[in-house]
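Trainee: Please take me slowly through one part of this model, the one you would look at first. Afterwards I would like to follow the chain into other parts and see how they are built.

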Amino acid sequence: MVIDKRPQSWLFIPSNATPGAHRFDSSQVEVYRRRNGLKCAWFNQLSRSRKIFRFEAGKSTNLSWNQMDMSASEYSDENNVLYDDLGFRYRVVTPAKSTGKCLFLLHGSGVDETTLIPLARQIAPDVTLVAARGRIPQDDGFRWFGRITPTSFEQTSIRDETAAYAEFAVEVSECYGLDLQRATFLGYSNGANVVSSLMLLHPGLVRRAALLRAMPVLDDPPAVTLRGARVLIIAGAADQTYGPFAPALVTLFSQRGAEIDARIVAAGHEFGDADAAIVRQWLSASVAIA
């Protein structure tokens with residue numbers, strides 16, 4: 001690929017491509033960059049400038065037009081892009097006016113990465129969202145690790161998938177210029193259980209976690225120190241499956257030095273407006289403390 005680093009940057013596509021100039025916004029440049037293994041820093045710097053780039057036929061490259069695979073319908077909105085270049089498939093939702101903070105979203109069982117985005121926007125409309133998709137199929141959706149019963153889980157799967165997500169979190173943060181120290185991890189049900197496992201198996205990676213309808217899932221949780229970590233645990237009063245395990249989760253993190261805020265809402269296993277209000281208030285308090 002030939003790059004001319006003039007003020008208005010050009011990326012040249014093959015001479016056999018559709019003739020004429022083709023205009024793509026910076027999100028599409030980022031898609032092109034990620035699909036073709038280009039370094040993060042240079043293209044991310046351009047992407048953040050929100051310039052318009054032109055793709056024009058005229059100079060040869062080893063990439064074909066089809067390999068670029070940039071249909072206007074698929075990439076007209078960067079927030080609709082489902083990336084597939086890291087360990088997990090994921091979306092990055094960036095608001096027009098971002099505070100530089102971010103929420104990592106981990107969905108529940110049998111669904112996908114889109115299900116927590118409306119809740120996250122309700123909680124914090126001005127933060128960047130990183131919504132990944134679990135890798136284990138379940139029903140018409142996905143989950144994060146294997147289960148034996150609704151409250152018993154495959155321990156090797158937990159450790160393997162948690163390690164893979166830890167690597168993903170670091171990589172996606174580096175590629176998008178996100179600060180993990182300012183990030184909050186918001187998980188629901190199976191996704192919340194991944195976040196709790198992430199804190200126990202990879203201490204220091206997660207500084208703030210909001211866990212909705214979570215339970216302890218590790219048979220032998222390590223005796224790590226979680227001082228400085230802040231954890232919000234929200235249980236449903238009518239959640240007959242996970243609700244009874246919420247006190248044990250509070251104890252687990254308290255014993256390891258995390259600062260715990262435990263709440264109960266008038267709900268079952270489902271999440272709703274009450275959860276959004278609590279997480280929003282808790283995040284505001286986190287900012288004040290920081």
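**A β-α-β unit and its surroundings**

Mentor: Happily! Strand β6, helix α5 (residues 117-123) and strand β7 together form a right-handed β-α-β unit. Right-handed is meant as follows: with the strands pointing away from the viewer, the path from the first strand over the helix to the second runs clockwise. Helices (H or I, at least four residues) and strands (E, at least two) are DSSP runs, numbered from the N terminus. A word on the ground rules: this is a predicted model, where local features need pLDDT of at least 70 and side-chain atom pairs count only at pLDDT 80 or more, while totals for chains, interfaces and linings use all residues. Residues are numbered from 1 along each chain as its sequence is written, and side-chain values use heavy atoms, with hydrogens and water left out.

Let us stay with β6, which spans residues 102-106. Five of its five residues are buried, where buried means under 20% relative accessible area, exposed over 50%, and partly exposed in between (1.4 Å probe, protein chains only). Cover comes on both faces: Cys102, Phe104 and Leu106 are buried on one side, and Leu103 and Leu105 on the other. For context, 50% of the 290 residues of the protein chain count as buried.

Next, the neighbours in the sheet. Two strands pair if DSSP finds at least two bridges between them. β6 pairs with β7 (residues 128-132) in the parallel sense, over five bridges, and Leu105 has Ala131 of β7 as its bridge partner. β6 is also joined to β12 (residues 183-188) by five bridges, and these two strands run parallel as well. In that pairing Leu106 is matched with Gly187 of β12.

β7 has another partner too: it pairs with β5 over four bridges, this time antiparallel. Val92 of β5 has Val130 of β7 as its bridge partner. In β5 (residues 90-93), Tyr90 and Val92 point one way, Arg91 and Val93 point the other way, and all are buried. Arg91 leads us back to Val81, which is 10 residues away in sequence and 6.1 Å away in space, C-alpha to C-alpha. Val81 sits in the loop between α4 (72-75) and β5 and is buried, with a relative accessible area of 4%.

Leave β12 at its other end and you enter the loop between β12 and α7, where Ser189 is found. Its phi is positive, near 55 degrees, although Ser189 is a residue other than glycine. Ser189 is buried, at 6% relative accessible area. Set beside it Asp139, in the loop between β8 (136-138) and β9 (141-143). Asp139 is not a glycine and has a positive phi of about 55 degrees, yet at 71% relative accessibility Asp139 counts as exposed.

The loop with Ser189 brings us to α7 (190-201), one of the elements against which the buried residues of α8 pack. The others are β13 (208-212), β14 (230-236) and β15 (259-265). In α8 (residues 246-255), the buried residues are Ala246, Leu249, Leu252 and Phe253. They lie on the same side of α8 because they cover an arc of only 120 degrees around the axis, taken from the directions from the helix axis to the C-beta atoms. An α-helix has 3.6 residues a turn, so residues three or four places apart point the same way. On the other side of α8, Pro247 and Gln255 are exposed. After α8 comes Gly257, with a positive phi near 90 degrees.

α7 and α8 meet again at a cavity: each supplies at least two residues of the lining of the largest cavity, and α7 gives the largest share, three residues. Among the lining residues are Ser196, Ser197 and Leu200, along with Leu249 and Leu252. A cavity here is a set of points, on a 1 Å grid over the protein atoms alone, where a 1.4 Å probe fits but cannot get out; lining residues have an atom within 4 Å of a point. Grid points are joined across faces, edges and corners, and a volume is the space filled by probe spheres set on the points. The count is one cavity of 30 Å³ or more, and the largest holds about 40 Å³ of space.

Stepping back, the protein chain has nine helices and 15 strands. Of its contacts (heavy atoms within 4.5 Å) between residues at least 6 apart in sequence, 72% join residues at least 24 apart.

Technical notes
1 Å grid on protein atoms, 1.4 Å probe; cavity = no way out; pocket = protein on both sides within 12 Å on 5 of 7 lines; lining within 4 Å.
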